[in-house]
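Biologist: I would like to request a close look at one part of this protein. Please take the sequence and the model together.

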Amino acid sequence: MTSKLAVPIHVGGGYGGDSDWTHGMWKGPEFTERRTYDLADPAVAGRVMFGVIDHVGHAVASGPGLGTTSATAEGHGLFEHGALGRHDPSGFADWFTLAP
């Protein structure tokens with residue numbers, strides 16, 4: 001699995017932090033909207049590390065279960081993951097430690 005691009009889905013995605021949008025908020029049957037966020041803007045960039053961040057990922061799998069032992073499968077998608085609490089191999093000492 002390789003991360004290609006970090007996606008802070010809480011900026012504009014309704015997962016917290018947006019004053020005008022919450023995930024699942026009903027805005028009517030004909031509602032459409034497009035927003036652009038400048039992640040370099042200090043007002044936006046300061047929020048990025050305090051919410052849900054997923055990654056556009058590229059994955060390659062090989063081995064048994066794909067037909068033959070030499071088979072491979074490749075794809076791209078949203079790689080959702082998380083680390084909560086202590087995890088010594090990653091350098092997380094407690095619930096409040098940020099990535100080193």
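Which residues make the nonpolar surface patch of about 250 Å²? Please describe that part, and then the other places that deserve a description.

Modeller: The model is a predicted one. The nonpolar surface patch is made by Leu5, Val56 and Leu78, and its area is about 250 Å². Of these residues, Leu5 is found in strand E1. Leu5 and Leu78 also appear among the residues that His55 touches, once residues up to four places away in sequence are set aside. The remaining members of that list are Ser3, Ala6, Val7, Gly77, Phe79 and His81.

His55 itself is placed in strand E2, which covers residues 53-62. Its relative accessibility is 18%, and because buried means under 20%, His55 counts as buried. The side chain of His55 is joined to that of Ser3 by a polar contact of 2.6 Å. Ser3 is thus tied to His55 by a polar contact and is also listed among the residues that His55 touches.

A further place to examine is Gly12, in the loop between strand E1 (2-8) and helix H1 (42-48). With a relative accessibility of 36%, Gly12 counts as partly exposed, because that class lies between 20% and 50%. Leaving aside neighbours within four places in sequence, Gly12 is in contact with Asp18, Trp21 and Tyr37. From Gly12 to His23 the sequence separation is eleven residues, and the C-alpha to C-alpha distance is 9.5 Å.

Charged pairs complete the description. Side chains of opposite charge can pair when their charged atoms come close. The structure holds two salt bridges. One of them joins Glu33 and Arg35, with the closest N and O atoms 3.2 Å apart. Glu33 has a relative accessible area of 44% and is partly exposed; Arg35, at 43% relative accessibility, also counts as partly exposed.

Another salt bridge is formed by Asp88 with Arg86, where the closest N and O atoms are 2.9 Å apart. In this pair, Asp88 counts as partly exposed at 49% relative accessibility. Arg86, by contrast, has a relative accessibility of 60% and counts as exposed, because exposed means over 50%.

To return to the request, the patch consists of Leu5, Val56 and Leu78, and the buried His55 touches Leu5 and Leu78, among others.

Technical notes: Residues are numbered from 1 along each chain as its sequence is written. This is a predicted model: local features need pLDDT of at least 70, side-chain atom pairs count only at pLDDT 80 or more; totals for chains, interfaces and linings use all residues. Side-chain values use heavy atoms; hydrogens and water are left out. Helices (H or I, at least four residues) and strands (E, at least two) are DSSP runs, numbered from the N terminus. Buried means under 20% relative accessible area, exposed over 50%, partly exposed in between (1.4 Å probe, protein chains only). Contact means heavy atoms within 4.5 Å. A polar contact is a pair of N or O atoms within 3.5 Å; within protein, one must be able to donate a hydrogen and the other to accept it, and residues adjacent in sequence count only if both atoms are side-chain atoms. Patches are made of residues with over 30% relative accessible area and no salt bridge: like charges are joined within 9 Å, nonpolar side chains (Val, Leu, Ile, Met, Phe, Trp, Tyr) within 5 Å. Accessible areas come from the Shrake-Rupley method with a 1.4 Å probe; for residues, only the protein chains shown count as cover. A salt bridge is a side-chain nitrogen of Lys or Arg within 4 Å of a carboxyl oxygen of Asp or Glu.
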